[in-house]
Amino acid sequence: SDWSADSWSDYGSRDKPGTTLGRTVPDGNVLFPDIFHTDHLLFYERFSAYQDYILADCKASEVKQFIAEYLEKVLEPCGWQAIWRTDVFQVLVGVVGVNFPALKAVVQLSEPFLCESQDSSFTQECMQELLELKEHQILLQELWVVYDESGEFDQTALAIEHLRFFYQCIWRTWDEEEEDEFDYFVRCVEPRLRLHYDILEQRVPSGLVLDYQNLLSQCEKLYEKFLNVRNSISSNDSDSEAENVSMVEGLKLYDKVEHLKQKLKLIENPLLRYVFGYQKYGSLQAKGLRPTGAKVIHVVPWTMTANLLHLLARDKLCPESCEDLEIQFHRDPLAAVNACYEGDRVIICPGHYFVDGVFSIADSVELEGYGLPDDVVIEKQGKGDNFFDCTGANIKISNLKLVQHDAVEGILNVHHGKTTLENCVLQCETTGITVRTSAELLMKNSDLYGAKGAGVEIYPGSSCSLLHNGIHHCKEGILIKNFLDEDYEAPKITMVHNMIHNNDGYGVVLVRPVMPSETKDASGQGTTVDNAKIQENEFQDFLMMWLLCMTADDILFPALGNTQPTQAGDETACAEGSRQEQPGCVTDELELCKRAETSEQTENNSEIANVLGATSAKKRQIHKKRLSELGFTEADDNLMSQEMFVSVEGNQFKWNGKGSFGLFFF
């Protein structure tokens, strides 16, 4: 394409007098000249530069070539100064040429000599020798362009900034081995760029950020080891035993690298980011029992009156034996929870409490509102990852209304132990309740709404009982993550008499990966089948195979069809028929409509239970196959009991945007 000067007006134009960029003073004790301030670019500026001007639709193997062509068009070939920075020193140099294919600048030391280092050994003579060893060529990304108010070097400074940011934040050493049929920008650059800015703008939980950084570091180290092993094999033509050992080691390293790369891609993908579960607050230690052995009741009054104190004493503070009962008063709920030990109880009086912080509950305590949930409101203020984190063995929260603002994670996370939520109202902003692996949630007679993600997220290996709740006006109602992986057990799920309605997506969604073996088995199957030929005892296997054979366009769909249009149509038909019939027939028509709706809800409950059970059966088959491959012909009963326990009864699904139940494969 024709790259005119007008195309680069956003990045500084030679036709305009004066620079459009800011300046900054370099750190350190040496009086270096000011440099261009370019590390403050917005997301859309970097996105546009990489997509429209630098990388376009290049493949992974073409990245360096495309970058070199871009630099050749916009970079001043000589006549500018820069500060050369490394981890050890920084020195002022002058650029006398550019080696575009190698992405390097040809430099010489500037006069006067300006250098700052961690010790005094870097004299002018030493630096000159170092440059001669490098043939006076250094990486462009190690240069920070000296400020010039004429505007002539604006594009040069921005181009080097884009180059530096790309190799620091976007490029991975294994990217060159990506398959070339994929667009590198779409596959790698865009998701990593979005993740970078999501982290900067605090839209990603700090625990997930730490996990991503650790995974990236592990992957880079393993990939380096893999390259060393591979190079040692390729340079040795002998067929010795040591060669065979190296090949086995290389294959193991390759598998580990691929596994880490998949985890990184999950976090980089904004849609799948929270499918990847990370362990958080593992170091949070419970206090245990109070040294004296006593248990305390903590009271949080908004305002304390004589009448309220009398009622509290009658209802909560004076059990049958209260001679040695200790009572502590606190000004806010967070202070009360932080003062708790094992077995303590917190009673919150009616009022609207604003809390700036996170409730981290590591002991078995009870948090109770004195009154109706709408009378005892705890509202989050200030930014933070989440609101409630529960790791205690037996926690109970009741009669409270929780209001979430400016959070990154959900309103309540159950990381370990059991948490009981009873008679509560949860007004969410991001995700609702998250039940992590090995955790247990019992939620009953509660109301949850407003989540931009799922109302309830259920992780593999967890236990979740939902009884008589309302879950509505969320993106998805309930999200079940049933990983078909040997590291996870299937979750245990009980859903009885819940009202799941008015969610944007599905009432219930099952998220799970497609296993390679399933893809291989399903590839030979057709997507059109005759249900009459399916035997009754083969229904579960057939259902899972049929779902796996769906095309990419059907990757997210109701398991057996969207029931909502039918439901709405039946209600309309019933209403119109009632108006047209004689008065004596109205009762019969309404009764038929009621029966049809009841039958439909029963089918929805059975549908969810069947598909979840089929998924669990498929997991057990895969696990049994893996054990067989390892030589275990008779599996241990405990090892093979990893079935998803499902009890789905009496739930109602109404007015959910995409239907009652859906599956999402990734």
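## A walk through two parallel sheets and some aromatic pairs

Let's start inside a sheet: K418 stands opposite E440 in β23. That pairing belongs to a longer match, since five bridges join strand β20 (residues 418-422) to β23, and these strands run parallel. Before going on, keep in mind that this is a predicted model.

**The ten-strand sheet**

Where do β20 and β23 fit in the sheet order? They sit side by side in an open sheet of ten strands, ordered β10-β9-β11-β14-β17-β20-β23-β26-β29-β33, with parallel pairing. At the edges stand β10 (326-329) and β33 (646-649), each with a single partner strand, so one side of each is left without a neighbour in the sheet. Neighbouring strands of this sheet are turned by 10° against each other on average, if you ignore direction.

As general background, strands of a sheet pair through backbone hydrogen bonds, either parallel or antiparallel.

Now move along the order from β23 to β26. Strand β23 (residues 440-444) is joined to β26 by five bridges, and the two run parallel. Here M443 is the residue that stands opposite L466 in β26. On to the next strand: β26 pairs with strand β29 (residues 492-496), again in the parallel sense and over five bridges. This time L466 stands opposite M495 in β29. So L466 has M443 across from it in β23 and M495 across from it in β29.

Is β26 mostly enclosed or open? Strand β26 (residues 463-467) has four of its five residues buried, so it is largely enclosed by the rest of the structure.

**The eight-strand sheet**

There is also an open sheet of eight strands, and its pairing is parallel too. Read across, the order is β12-β15-β18-β21-β24-β27-β30-β34. Its edges are β12 and β34 (652-654); each has a single partner strand, so one side of each is left without a neighbour in the sheet. The average turn between neighbouring strands of this sheet is 10°, direction ignored.

For a look inside it, take strand β27 (residues 470-472) and strand β30 (residues 499-501), which pair in the parallel sense over three bridges. One of the matched residues is G470, whose bridge partner in β30 is M499.

**A buried aspartate**

D344 is found in the loop between α9 (333-338) and β11 (345-348). Is D344 buried or exposed? Its relative accessible area is 1%, and the cut-off for buried is under 20%, so D344 counts as buried.

What does the side chain of D344 touch through polar atoms? One polar contact goes to the side chain of R290, at 2.8 Å. In addition, the backbone nitrogen of Y341 lies 2.9 Å from a polar atom of the D344 side chain. Leaving aside neighbours within four places in sequence, D344 is in contact with R290, K295, V296, H298, A339, S364, V365 and E366.

**Aromatic rings**

How many aromatic pairs does a search of the whole structure find? The count is 19. Two of them are set out below.

| Pair | Geometry | Centre to centre | Angle between planes |
|---|---|---|---|
| F226 and Y254 | tilted | 5.8 Å | 45° |
| W302 and Y353 | edge-to-face | 5.4 Å | 90° |

In the tilted pair, F226 lies in helix α6 (residues 206-234) and Y254 in helix α7 (residues 241-268), so the pair ties together parts that are 28 residues apart in sequence. F226 is buried, with a relative accessible area of 9%, whereas Y254 counts as partly exposed at 36%.

The edge-to-face pair of W302 and Y353 links distant parts of the chain, 51 residues apart. W302 is in the loop between β9 (296-300) and α8 (306-317), while Y353 is in strand β12 (residues 351-355). W302 is partly exposed, at 48% relative accessible area, but Y353 counts as buried at 2%. Notice that this pair brings us back to the sheets: β9 is in the ten-strand order, and β12 is an edge of the eight-strand one.

Elsewhere, Y50, F166, Y167, W171 and Y184 form one aromatic cluster.

Rings also meet charges here. The charged end of R46 sits over the ring of F165, 4.0 Å from its centre. R164, for its part, lies over the face of W144, at 3.9 Å from the ring centre.

Conventions: Residues are numbered from 1 along each chain as its sequence is written. This is a predicted model: local features need pLDDT of at least 70, side-chain atom pairs count only at pLDDT 80 or more; totals for chains, interfaces and linings use all residues. Side-chain values use heavy atoms; hydrogens and water are left out. Buried means under 20% relative accessible area, exposed over 50%, partly exposed in between (1.4 Å probe, protein chains only). A polar contact is a pair of N or O atoms within 3.5 Å; within protein, one must be able to donate a hydrogen and the other to accept it, and residues adjacent in sequence count only if both atoms are side-chain atoms. Contact means heavy atoms within 4.5 Å. Two strands pair if DSSP finds at least two bridges between them. Rings of Phe, Tyr and Trp (its six-membered ring) pair if their centres lie within 6.5 Å; planes under 30 degrees apart count as stacked, over 60 as edge-to-face and the rest as tilted. A charge sits over a ring if NZ of Lys or CZ of Arg is within 6 Å of the ring centre and within 35 degrees of the ring normal. Axes are lines fitted to C-alpha atoms, for helices over the stretch in contact, and angles run from 0 to 180 degrees between N-to-C directions.
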